[in-house]
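Subject: Structure handover

Hello,

Here is the structure I promised to pass on. Please open it and keep it beside you while you read my notes.

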Amino acid sequence: ALNQNGDIQKALGDELIKAPFSVALQKASMQLVVLDTDLWVPRRSWCCYELAVAREFAIPTFLWPHHKSDRQQLLKDVDKLDLRKATATSEEDRDKIEKEIDNGFGGGFDKLNPHLQAILYT
């Protein structure tokens, strides 16, 4: 939904919710998030924003851990997970995403963190 080789800032525009990937996700019947063995997905700002979009629009979200994941370690990592600490390649992107979620999008970090943890426990 977003041309990674094009002018990404132009495609994103001023409002993240109107960005192509946000519009596409709003029309989805569900969100499937494939996790790597190190649980990097929720540690990335853009991934956190996509989780917030799904929560904001009540899109069912399912997480699929990597088959080599240590489930017990994964659950320990989930207990410590704080989406506020997510990173992005671009500091400007990270700040924009953090501001939007801090302002209550997706329920804000205080609701988004336990929401993701609940999904990971199921």
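Start with E91 and R94, whose side chains meet in a salt bridge. The N to O distance is 3.2 Å. Bear in mind that this is a predicted model. Both residues are in helix α5, three residues apart, so about one helical turn separates them. E91 is partly exposed, because its relative accessible area is 47%. R94 counts as buried, because its value is 18% and the cut-off for buried is under 20%.

R94 has another partner, E98. Here the closest N and O atoms are 2.5 Å apart. E98 and R94 are four residues apart in helix α5, so again about one helical turn lies between them. E98 is partly exposed, with a relative accessible area of 23%. Salt bridges with shared partners join E91, R94, D95 and E98 into one network.

What else does R94 touch, leaving aside its neighbours within four places in sequence? The contacts are S45, R84, A86, T87 and A88. Pick out R84 from that list, because R84 has a salt bridge of its own, with D82. The N to O distance there is 3.4 Å. R84 is partly exposed at 34% relative accessible area. D82 is partly exposed too, at 24%. In total, the structure holds six salt bridges.

Now the inside. How many residues does the largest nonpolar core have? The count is 30. Those with the most contacts inside this core are L35, Y49, L63, L83, L116 and L120. Several helices feed the core: α2 (20-26), α3 (45-56), α4 (71-80), α5 (91-102) and α6 (109-121) each supply at least two residues. Which helix gives the most? That is α3, with six residues. There is a general tendency behind such a core: in soluble globular proteins, nonpolar side chains tend to be buried together.

Take L120 as a worked case. Residues up to four places away in sequence are not counted here. L120 then touches L35, L63, R71, L75, V78 and L81. Two of these names, L35 and L63, are also on the list of residues with the most contacts inside the core.

Next, the surface. Which residues make the nonpolar patch there? They are M30, L32, V34, F62 and W64. The patch covers about 550 Å². Look at strands β1 (31-34) and β2 (61-64), since each strand supplies at least two residues of the patch. V34 sits in strand β1. Is V34 buried or exposed? It is exposed, because its relative accessible area is 53% and the cut-off for exposed is over 50%.

Then the cysteines. How many disulfides are there? The count comes to zero. Why is there no bond from C47 to C48? The sulfur of C47 is 7.0 Å from the sulfur of C48, its closest cysteine sulfur, so the pair is too far apart for a bond. A disulfide needs the two sulfur atoms within 2.5 Å. From the other side, the closest cysteine sulfur to that of C48 is in C47, again at 7.0 Å. The two residues also differ in exposure. C47 is partly exposed, with a relative accessible area of 23%. C48 is buried, at 2%.

One last spot to find is A58. A58 is in the loop between α3 and β2. Its phi is near 55°. That is a positive value in a residue other than glycine. Is A58 buried or exposed? A58 is exposed, with a relative accessible area of 65%.

To go over it again on screen, try this order:

- Helix α5, where R94 is found, for the network of E91, R94, D95 and E98.
- The core, with L120 and its contacts, among them L75 and V78.
- The patch, including F62 and W64.
- C47 and C48, with their sulfur atoms 7.0 Å apart.
- The loop between α3 and β2, for A58.

Best wishes

Key
Residues are numbered from 1 along each chain as its sequence is written. This is a predicted model: local features need pLDDT of at least 70, side-chain atom pairs count only at pLDDT 80 or more; totals for chains, interfaces and linings use all residues. Side-chain values use heavy atoms; hydrogens and water are left out. Patches are made of residues with over 30% relative accessible area and no salt bridge: like charges are joined within 9 Å, nonpolar side chains (Val, Leu, Ile, Met, Phe, Trp, Tyr) within 5 Å. Accessible areas come from the Shrake-Rupley method with a 1.4 Å probe; for residues, only the protein chains shown count as cover. A salt bridge is a side-chain nitrogen of Lys or Arg within 4 Å of a carboxyl oxygen of Asp or Glu. Buried means under 20% relative accessible area, exposed over 50%, partly exposed in between (1.4 Å probe, protein chains only). A nonpolar core is a set of buried Ala, Val, Leu, Ile, Met, Phe, Trp, Tyr and Cys residues joined through side-chain atoms within 4.5 Å. Contact means heavy atoms within 4.5 Å.
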